[in-house]
Amino acid sequence: MEPSVTRVPTTKPDAAGGGTGRAAAFVATGILVSRLVGLVRQRVISHYFGLSTDAADAWAAGFRIPNLLQNLFGEGALSASFVPVYAGLRSQQRSRDADAVAAVVGWWLVLLVSASVAIGVWLTPWAIGLIAPGFSGEKRALTIAVVRVLFPGAGLLVMSAWCLGILNSHRRFFLSYASPVAWSVVMIAAMLWYGPSTELPRLVVILAWASVAGTLLQLMVQLPLVFRLAPGVRARRPVSVEAKQVMRNFLPTLLSRGVVQFSAYIDTVIASWLPLGAVAALTNAQTLYTLPVSLFGISIAAVELPAMSAQISDDNAAFDGLRLRLNASLRRIAFFVVPSAVAFVALGDVIAAALLQTGRFGPSDAVWVWKILAGSSIGLLASTLGRLYASTFFALRDTRSPLRFAVVRVVLTSLCGYLCAIPLPRALGLDPAWGTAGLTASAGLAGWVELLLLRRALNARIGPTGVSVGYVSRLWVAAAVGAATGRAVTLVLPAVPPVVLAVAVLGPYGVVFLGLAVAFGVTESVPRQLHFWR
C-alpha cells in the first residue's frame, strides 16, 4: 500500500525549479565557507597527527561514535520527519501551530539526546570494542578517552540540527550552514595553541574538549535567530496531531539513517584491521570527497525539501511541478559532481597534497588518500543524486521506501567492502593499504544500486524522472579531456610546492571542462542560465 499523502495548498511550480535557485546558492555559500574552514581544520590536525600515528587513528575512530548520534537524530531523521510537517504548516499560514510543533519536538529531543549521551558515555568501552575491534593497548585507551569527551558535543550538534530545520523552513539558509565555522575555528585555535608543545596523546584529548566548546558556540550562534523567527518555541506546548505525525515519522527515518550510518560503522570496523593509519586515511579522504556532496547535493536537497513539502498534494498537477523541479535539480547536481569525481580519479594526488600535505602528513600519505578518493569517485554521483531522491520521498511523507533501499545498500556495502578490503588485495598481492580504496569503491557500487531503486520507485509514483544519458555522457567526456590536460601539466612542470602545482593543474582542468561543456550545448555551463545562481 502506498503511504498516504497529506494535502496542503499547492503553490505554482517554477518551470525549472529556479524558484529555489537563490536559496540553494545561499546554502552552497554557507556550506562552502564551512567546508573551507573545515579543510583548514583538517590540515592543522593532519600537520600534528599525520596518518600513521596512534593519535590520528584514535581521533578518527573516536569521532565516529558520537558523530553517529548526530547523524541519527540530527541532520537525517530530524530533518526528514520535522521539516516537511513544519514547512507544510507555515505554507498554510499556521505559524502558531508550526511553532508549537517545533517546541514539542525541541523539548522531546533534549530529553532523548540527554539520555543517549549519558548512556553513550557509560558504554564507551564496550562501543569501542564494536567499532574498532582491531585497536588494542594505548590506542584503544586513547580512543575511549576521546569518545567520552566528545559525546556531550554530539548532543549539542543534534540541537544545532533542530535549529537548522527551523531556519531552513524560514528560508534563512546561510547561517544554519555556515555556523559550523564556529566549531572549526575553536578546534583550529586549540591545535595552534597547544600543538607545538604538547605530546600527541594529550593533544588528542585537548582537541576533543575544543570540539565540545566549538559545538556549544555553534548552537549559541543559531539560537537568537531561531527565537526571533519562531518565538513560540521557548514555551512548553501540548502535543498536537502534527507533532505526533513528526514522532511517527521519526522512527522509520531514524532506522533509515541508522542503516546508512551502519555502513560507515562497517567501514571503520574493517579499516581497524588494516595497517596503521587506515582509519585516519579514510577520515581525511572523507573530508575531501564529501565536499561536492555537501556543496551540490545537500545544498539543493536542503532547499528543495521544504519547497516540495509546501507544494505537495495528490493531484497530477502537483506531480508535474515536482518532476520539473526534481529533474532541473538533478541536472545541476550532475554538472558539478561529474567533474569532481573525474578530478578525484585523475588528479587526487595533487588535490590531497595541496590541501593536507604539511608537518607529519607527507607525500606518501597524500598518495594513500588519493587511492581512497579514486575508489570513492565511483559512487560520488550516485550518492549525491540519491540524496535528492530521498528528500523527494520525505516531502511525500514517505520515510519507508528510502529505508528499504538503504538496507539493500548497506548489505551490499558490508559484503563487498570486506571482500575488496581484505581478501582481494591479499589475493592480488597488493599492499594491504589498498584495502581502504576497496572499501570506498564497494560503497560506491552499492550507492548506484540504491539510486536505481530510488529512481524506479519514485518514477512509478510520480512519473519519469532523472538525467538523460546523453547529458551525463557529455559531462564525462568534457571532464575526462580536462583531466587529461591537467595531468599533462604535471608532466612538464618542474618540482614546485603542492599548492602551486594544484593551481597550475586545476586551472586548465576547469577551463577545458567549461569550454567543452559550452561547446557541447550544456546550458548549465552558462552562469546566467544556471538556476543555481538565479
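**Close-up views of a predicted model**

**View 1. The lining of the largest cavity.** Gln42, Ile45, Ser46, Phe49, Gly50, Ala56, Trp59, Ala60, Ala280, Thr283 and Asn284 line the largest cavity. The model shown here and in the other views is predicted. A search of the whole structure finds two cavities of 30 Å³ or more. The largest cavity encloses about 60 Å³ of space. Three helices, H1 (21-49), H2 (54-91) and H10 (278-311), each give at least two residues to its lining. H1 supplies the largest share, with four residues. What classes of residue make up the lining of the largest cavity? Six are nonpolar, five are polar and none is charged.

**View 2. An aromatic cluster of three phenylalanines.** Phe335, Phe336 and Phe513 form one aromatic cluster. The structure holds two aromatic pairs. In one, Phe335 meets Phe336 edge-to-face. Their ring centres are 5.2 Å apart, and the angle between the planes is 80°. Phe335 is buried, at 4% relative accessibility. Phe336 is buried too, with a relative accessible area of 14%. In another pair, Phe335 and Phe513 are tilted, with 5.7 Å from centre to centre and 45° between the planes. Which helices does this pair tie together? Phe335 lies in helix H11 (residues 316-356) and Phe513 lies in helix H18 (residues 498-519), so the pair links parts that are 178 residues apart in sequence. Both Phe335 and Phe513 are buried.

**View 3. The buried face of helix H4.** Helix H4 spans residues 124-131. Its buried residues are Thr124, Ala127, Ile128 and Ile131. Why do these buried residues line one face of the helix? Seen down the axis of H4, they fall within an arc of 105°, so they share one face.

**View 4. Cysteines without a disulfide.** A disulfide is a covalent bond between the sulfur atoms of two cysteines. How many disulfides does the structure have? The count comes to zero. Look at Cys416 as an example. The closest cysteine sulfur to its own belongs to Cys420, 5.9 Å away. That is too far for a bond, because a disulfide needs two cysteine sulfur atoms within 2.5 Å. Is Cys416 buried or partly exposed? Cys416 is partly exposed, with a relative accessible area of 31%. Cys163, in contrast, is buried, with a relative accessible area of 0%.

Conventions
Residues are numbered from 1 along each chain as its sequence is written. This is a predicted model: local features need pLDDT of at least 70, side-chain atom pairs count only at pLDDT 80 or more; totals for chains, interfaces and linings use all residues. Side-chain values use heavy atoms; hydrogens and water are left out. Buried means under 20% relative accessible area, exposed over 50%, partly exposed in between (1.4 Å probe, protein chains only). The arc is that of the directions from the helix axis to the C-beta atoms. On a 1 Å grid over the protein atoms alone, a cavity is a set of points where a 1.4 Å probe fits but cannot get out, and a pocket is an open set with protein on both sides within 12 Å along at least five of seven lines; lining residues have an atom within 4 Å of a point. Grid points are joined across faces, edges and corners, and a volume is the space filled by probe spheres set on the points. Ala, Val, Leu, Ile, Met, Phe, Trp, Tyr, Cys and Pro count as nonpolar, Asp, Glu, Lys and Arg as charged, and the others, Gly among them, as polar. Rings of Phe, Tyr and Trp (its six-membered ring) pair if their centres lie within 6.5 Å; planes under 30 degrees apart count as stacked, over 60 as edge-to-face and the rest as tilted.
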